[in-house]
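Student: I should like a close look at a single part of this predicted model. Please take the contact between the chains, and then the salt bridges.

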Amino acid sequence: MTERHDDSDPRLLTGAYSLDALSPEEAEAFEREAASSESLRDETDELTLTSTVLGLAVAPVTPSDRMKAELMAKLPLTPQLPRETPLSASETPETSSAEQVPDAPAASIAEPPASSGAAHQRAQSRWFTRPVGILTAVAAAAALFVGGGFVGSAVINANTTTTTIDASASQLAAITAADDVQRKVVDVADGGKATLVWSNDLGRSAVLVDGLSGLPDGKVYEAWYINGDGAIPAGTFTASSDGMTWHVLSGAMKSGDAIGVTVEPAGGSTAPTTTPILVGQSA
Amino acid sequence: MLELVTTDRGTTDIEGAEAVQSFESLLELVAGGDQQAFSELYDRTAPRVLGLVKRVLIDHAQSEEVAQEVFLEIWRTATKFEATRGNAMSWMLTMAHRRAIDRVRSSQAGHDRDERIGLRDIEPDYDQVSETVEIRIEHERVKRAMDKLTALQREAISLAYYGGYSHTEVAGLLSIPVGTVKTRLRDGMIRLRDELGVTS
């Protein structure tokens with residue numbers, strides 16, 4: 001047992017380092033020392049392993065379902081570091097997200113900001129019956145269409161009960177954990193990005209938007225499945241107050257359905273009444 | 001190699017049941033982008049990770065936030081885990097403890113927490129009823145090893161590891177020189193290592 005109190009001896013710091021009791025600067029300096037001394041490194045490794053036994057002795061705490069759902073939702077948005085040596089990585093369903101992103105906006109149909117005139121309404125009302133291929137162009141056009149309603153006012157989340165959140169959270173977790181989960185990143189009208197995730201096996205999908213704007217009173221977001229039969233309502237939702245908004249679409253998804261989101265009056269509509277803020281096609 | 005008791009209810013061999021994968025092999029799958037493997041790894045380790053983070057941070061909501069960051073980092077850096085020389089549980093808990101410490105030192109969190117708990121509550125209550133036999137055994141093992149330390153070593157280690165205080169802060173709290181704290185932490189950890197039979 002050493003009783004040296006020589007502050008300059010790095011060996012004296014192995015205990016503090018293993019317990020994360022050094023400042024970041026001290027820890028960095030210590031690691032530099034350890035890099036050039038095998039015996040210092042060995043002692044440090046052993047004491048760090050010992051500290052994890054202290055960690056194992058702590059009583060476990062059960063996390064909320066919501067924590068897992070949010071985490072699983074974030075995985076597709078979180079790239080993994082490359083391996084040092086390329087191994088034959090197990091198959092990943094989405095090798096290149098870039099090629100799945102819709103073509104760059106080419107549309108130039110700049111609509112004037114919504115005046116909600118009847119003619120305007122009519123012009124917008126049937127976008128969903130157009131061939132799916134041009135939906136991305138519509139979405140791009142919608143990017144230029146930033147109505148006054150989008151000005152970020154207070155976020156409303158009042159009419160969603162905790163039970164609904166938890167149920168929807170476990171559905172989201174089920175989709176993101178499915179063996180055949182696929183994803184696609186699409187543009188949102190206000191300039192952000194949304195991620196669509198779906199599983200053809202489950203016939204379910206979800207839309208996730210980081211930082212989705214809140215809507216004024218009397219408006220909600222509504223999701224749609226769009227295919228040859230038109231647009232099928234797939235549930236309404238509001239923006240989350242804490243960053244990530246997600247919505248698990250109601251109803252069954254068929255492979256190839258497009259997924260869209262519009263702004264609708266509270267309670268939702270049976271057919272879309274505005275241009276979508278985002279659209280993407282599943283595969 | 002340290003013999004960490006990282007089994008949980010799932011690892012007991014049940015006849016006819018699918019063989020349960022080790023945390024190391026799950027991490028290997030996670031490194032390949034396998035979300036299903038990640039989901040399983042999460043289910044089996046999240047209570048441990050959250051338990052440790054919450055031990056340091058106290059506040060539940062903040063602890064979930066940090067635990068979530070830990071798991072995202074596990075996802076992100078699983079490619080860097082060396083299964084041949086590391087213990088997966090140890091790797092994850094080290095990450096969890098560092099993240100919790102970062103949070104407690106970088107924000108108001110530490111201050112708020114200090115107002116909610118007294119120093120004397122820092123040391124964990126090893127006698128509380130545990131959920132599983134394995135954890136009870138683990139508690140017993142650590143408790144016995146901790147009993148071999150001097151009261152001063154035990155106090156310094158508990159303040160640092162469970163309390164999240166830096167060695168400088170521990171020195172301030174106990175009104176002793178930093179050099180003395182460093183010695184207590186090191187001597188105490190070496191004693192613990194020997195009691196627990198840890199070799200690398």
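Tutor: What follows treats the contact first and the salt bridges after it.

The model is a predicted one. The contact draws 65 residues from chain A and 75 residues from chain B. The size of an interface is often given as the accessible area lost when the parts come together. Between chain A and chain B about 6,500 Å² is buried, and carbon and sulfur atoms give 61% of this area.

As to polar terms, 29 residue pairs, both members at pLDDT 80 or more, are in polar contact between chain A and chain B. On the side of chain A that touches chain B, at least two residues each come from α1 (14-18), α3 (38-56), α4 (65-74) and α7 (162-177) of chain A. The most is given by α3(A), with 14 residues. Sorted by class, this side of chain A has 31 nonpolar, 17 polar and 17 charged residues.

Four salt bridges are counted between chain A and chain B. In one salt bridge, the side chain of A:Lys68 meets that of B:Asp43, at 2.9 Å from N to O.

Over all chains, the count comes to 16 salt bridges. Within chain A, A:Glu43 and A:Arg11 form a salt bridge whose closest N and O atoms are 3.1 Å apart. A:Glu43 lies in helix α3 of chain A and A:Arg11 in the segment before α1 of chain A, so the pair ties together parts 32 residues apart in sequence. A:Glu43 counts as buried, at 9% relative accessibility, whereas A:Arg11 is partly exposed, with a relative accessible area of 24%.

In chain B, the closest N and O atoms of the salt bridge between B:Arg99 and B:Glu73 are 2.4 Å apart. This pair links distant parts of the chain, with B:Arg99 in helix α4 and B:Glu73 in helix α3 of chain B, 26 residues apart. B:Arg99 is partly exposed, with a relative accessible area of 26%, while B:Glu73 counts as buried at 19% relative accessibility.

A further salt bridge of chain B joins B:Glu195 and B:Lys148, with the closest N and O atoms 3.4 Å apart. B:Glu195 belongs to helix α9 (residues 178-196) and B:Lys148 to the loop between α6 (133-147) and α7 (151-161) of chain B, 47 residues apart. Both partners are partly exposed: B:Glu195 at 33% relative accessibility, and B:Lys148 with a relative accessible area of 43%. Finally, salt bridges with shared partners join B:Glu65, B:Glu69, B:Glu73, B:Arg99 and B:Arg103 into one network.

Key. Residues numbered from 1 in each chain as written. Chains lettered and ligands numbered in written order. Predicted model: local features only at pLDDT ≥ 70, side-chain atom pairs only at ≥ 80, totals over all residues. Heavy atoms only, no water. Contact = heavy atoms within 4.5 Å. Buried area = accessible area lost by both parts, 1.4 Å probe. Polar contact = N/O pair within 3.5 Å; in protein donor to acceptor, adjacent residues only side chain to side chain. Helix = DSSP H or I, 4+ residues; strand = E, 2+ residues; numbered from the N terminus. Nonpolar A, V, L, I, M, F, W, Y, C, P; charged D, E, K, R; others polar. Buried < 20%, exposed > 50% of the residue type's maximum accessible area, 1.4 Å probe, protein only.
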